[in-house]
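Thanks for sharing this one. Here are some notes to read alongside the coordinates, in the order I would look at things.

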Amino acid sequence: MRVKKTALLEFIRSRGSVTFPEIEAFFHKKRYRFQGDTIMRLSDIIVWRGWSHKASVAFLELYQAEKIDLVDDEKAPVPPSIPGENSAYRQVIIKAR
């Protein structure tokens, strides 16, 4: 099953704030197909990677619609590294508006 934006937004709202690994646990629980090799970037800074294109688009559409915020947090998980690439990354937590 593919990722449903409404369910994702409700999950984020119900928790107040979440991390990308917590979203992935939610995806697993819902049996969503989300794994892939897409890199999510904002202004050339990596925020996460390892999701399918469709899952990444669903997440970024919520961000672009200003339904969620990405808040810098040095305690948040570091995005998975990209072999052979030394890119800038951003540690964030996700909050619903």
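1. Let me start with what helix α1 rests on in this predicted model. Its buried residues pack against two helices, α2 (20-30) and α3 (53-64), and against the strands β1 (17-18), β4 (68-72) and β5 (92-96).

2. Which residues of α1 are the buried ones? In this helix, which spans residues 5-15, they are L8, L9, F11 and I12. Because they cover an arc of only 155° around the axis, they sit on the same side of α1. An α-helix has 3.6 residues a turn, so residues three or four places apart point the same way. The exposed residues T6 and S14 are carried by the face of α1 turned away from the buried side.

3. Just after α1, have a look at the backbone: G16 follows the helix, and its phi is positive, near 85°.

4. Next, the strands around β5. β1 and β5 run antiparallel and are joined by 2 bridges, with V18 standing opposite I94 of β5. β5 also pairs with β4, again in the antiparallel sense, over 5 bridges. There, I68 has A96 in β5 as its bridge partner.

5. I94 deserves a moment of your time. Leaving aside residues up to four places away in sequence, I94 touches I12, G16, S17, V18, T19, F20, I23, F59, I68, D69 and L70. One of these contacts, I12, belongs to the buried residues of α1.

6. I94 also turns up in the largest nonpolar core, which has 25 residues. Which members touch the most others there? They are F20, I23, F27, W51, F59 and I94. At least two residues of this core come from each of α1, α2, β2 (35-42), β3 (45-51), α3, β4 and β5.

7. Finally, the aromatic residues. The structure holds 11 aromatic pairs. In one of them F20 and W48 are stacked, at 5.0 Å centre to centre and with 10° between the planes. This pair links distant parts of the chain, since F20 lies in helix α2 and W48 in strand β3, 28 residues apart. Both F20 and W48 are buried.

8. The ring pairs are worth viewing together as well: they link F11, F20, F26, F27, Y32, F34, W48, W51 and F59 into a cluster. Among the cluster members, F20, F27, W51 and F59 are also listed with the core residues that touch the most other members, and F11 is one of the buried residues of α1.

Conventions
Residues are numbered from 1 along each chain as its sequence is written. This is a predicted model: local features need pLDDT of at least 70, side-chain atom pairs count only at pLDDT 80 or more; totals for chains, interfaces and linings use all residues. Side-chain values use heavy atoms; hydrogens and water are left out. Buried means under 20% relative accessible area, exposed over 50%, partly exposed in between (1.4 Å probe, protein chains only). Helices (H or I, at least four residues) and strands (E, at least two) are DSSP runs, numbered from the N terminus. The arc is that of the directions from the helix axis to the C-beta atoms. Contact means heavy atoms within 4.5 Å. Two strands pair if DSSP finds at least two bridges between them. A nonpolar core is a set of buried Ala, Val, Leu, Ile, Met, Phe, Trp, Tyr and Cys residues joined through side-chain atoms within 4.5 Å. Rings of Phe, Tyr and Trp (its six-membered ring) pair if their centres lie within 6.5 Å; planes under 30 degrees apart count as stacked, over 60 as edge-to-face and the rest as tilted.
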